[in-house]
Amino acid sequence: MISFPVLFINLLSIGMVLGVAIAVWAVRRKQAAKQLLVVMCFLLFWSITSFGEMVSSSMTMKIVWRNLGQIGIFYTPVAVLSFVSAYTGYWKRWIRRLIIWSGAFQTVGILLVLTDFYHHWIRTSLTLVEGSYYKTLVVETTILAKVLISTNFFLLLISFILVGFFIITTPAKMKQQTTSLLLGMAIPIVYAMVKTVSNERFMEMLPISGVFAISCFCILFGIQRFDLLKLAPLAREQAFKFLGEGIIICDAESVILDMNNAAQKIFGSDLQQVGFTLNRLIPNWKEVSSQTGRRSYTFEFEGCTFSAEFYPIIYRKRDVAGTIILVHDVTLLRKRSELLRIRAEIDGLTGLYNRQTFIEKVEEQLDSAENPVHLIYFDIDHFKHINDTYGHRAGDAVLEAMGQLIKDEVDASYITGRFGGEEFVIFSAEATAEQVLSCAQR
């Protein structure tokens with residue numbers, strides 16, 4: 001009969017793994033969350049099958065549970081390496097190949113275990129031993145099985161080294177969250193090595209799956225306390241969430257990982273759809289979001305004008321881990337700038353170019369003109385008499401009417417301006433002499 005402490009420890013491990021899986025599912029859009037969720041699924045399967053083996057009384061059922069448990073045992077290290085690669089961003093292409101090859105190699109081991117005709121390639125004998133707390137299945141393995149088990153430890157060791165190196169190179173604020181991850185990995189690795197060396201005889205009341213409770217506690221603590229799966233540290237969460245400017249965070253492959261409330265108000269909350277929108281609005285989106293230098297772009301979206309500034313997230317002094325994009329609504333600023341430009345260039349009374357702007361526009365065309373150019377220069381007769389007799393408001397009305405008349409009668413290719421008080425000019429670098437004379441007569 002299995003004692004209560006043994007049952008409690010192992011059921012606690014299953015519960016803790018399930019708790020971490022639920023916590024990761026809640027933040028599944030965050031960096032490396034999907035990979036960690038896969039790890040938790042394999043750990044959960046491993047924990048359940050290990051518990052099933054422990055509580056089974058017959059040798060047949062123990063073998064069934066042990067064989068099924070090999071799926072979790074052999075695939076968990078591969079999933080852990082995939083998660084660590086996504087989390088740290090190190091050597092993605094090289095590690096991706098290693099994951100594919102190691103996953104295929106581990107699959108061979110699983111198939112041999114589950115096949116009646118070839119399982120002797122993995123095991124030489126199975127013995128049911130009466131332990132202090134429950135009956136234990138002792139397995140004598142072949143050289144091939146030892147190679148497969150060594151591969152598991154090799155993959156876990158690589159993952160452990162990558163996380164350790166990441167702690168050394170990461171900013172101080174993120175060391176806490178990464179350390180919790182490192183502890184969560186170290187505990188089951190060390191325990192599994194001791195268990196394997198002792199041929200399952202070390203601490204019989206606590207199988208390897210039972211240690212997952214401690215490991216998952218470290219990971220769950222990192223998720224809840226130190227914001228483990230986010231690119232931005234927890235201390236900046238409030239600023240990130242409530243800052244009035246839109247903030248978008250994407251990884252080195254231009255995939256959007258997160259954005260604050262201001263950005264969601266602009267583009268919506270669907271991260272994938274926002275990625276499609278920015279890819280359409282910003283030229284060379286993928287290249288821009290993976291460059292090391294700062295970039296700025298202006299684009300139109302739903303009747304408004306926005307400015308996007310790209311700031312690369314650099315680690316190891318040269319590699320780009322991702323990009324922070326600040327999005328500003330510059331619609332009002334652009335309208336004000338355009339209004340100031342118009343006020344600086346346009347005569348407020350007539351709506352024509354003022355003297356200085358007219359000269360600048362004409363000089364630009366003179367530099368490139370190849371044919372004869374033409375200028376009409378005229379004034380309003382007896383304008384002083386109008387002002388003196390009817391007042392300056394009447395004079396202003398005459399100037400305003402003259403400006404409107406010129407805009408109505410003159411082609412858009414002409415440059416028109418108010419040159420002085422009642423003096424006006426019309427310039428053309430395209431029209432012929434006949435056309436300009438006809439304009440002047442009108």
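**Exercise 1.** In this predicted model, work out why helices H2 and H3 are described as roughly antiparallel to each other.

*Solution.* H2 and H3 are roughly antiparallel to each other because their crossing angle falls in the range over 145 degrees that carries this description. To see this, take first the two elements, H2 with residues 33–55 and H3 with residues 59–88, whose axes come within 8 Å and cross at roughly 160 degrees. Next, add the handedness, since the crossing of H2 and H3 is left-handed. Finally, consider the composition of the contact of H2 with H3, whose residues divide into 18 nonpolar, 7 polar and 3 charged.

**Exercise 2.** Determine in what order the strands of the open sheet E8-E10-E9 are arranged, and which strands stand at the edges.

*Solution.* The 3 strands follow the order E8-E10-E9, and their pairing is antiparallel. Strand E8 (374–379) and strand E9 (415–418) each have a single partner strand, so they stand at the edges, and one side of each is left without a neighbour in the sheet. From one strand to the next, the twist averages 15 degrees. Looking at one pairing in detail, E9 is joined by 4 bridges to strand E10, residues 423–428, with the two running antiparallel, and Ile415 stands opposite Phe427 in E10.

**Exercise 3.** Identify which strands are touched by helix H13 and which are crossed by helix H16.

*Solution.* Helix H13, residues 355–368, packs on the sheet and touches E8, E9 and E10, while its direction makes about 155 degrees with that of E9. Helix H16, residues 433–441, lies across E8 and E10 and runs at about 15 degrees to E8.

How values were computed: Residues numbered from 1 in each chain as written. Predicted model: local features only at pLDDT ≥ 70, side-chain atom pairs only at ≥ 80, totals over all residues. Heavy atoms only, no water. Axes fitted to C-alpha atoms, helices over the stretch in contact; angles between N-to-C directions. Parallel < 35°, antiparallel > 145°, perpendicular 65-115°, else oblique. Left-handed = near helix turned anticlockwise from the far one by under 90°. Nonpolar A, V, L, I, M, F, W, Y, C, P; charged D, E, K, R; others polar. Pairing = 2+ DSSP bridges. Contact = heavy atoms within 4.5 Å.
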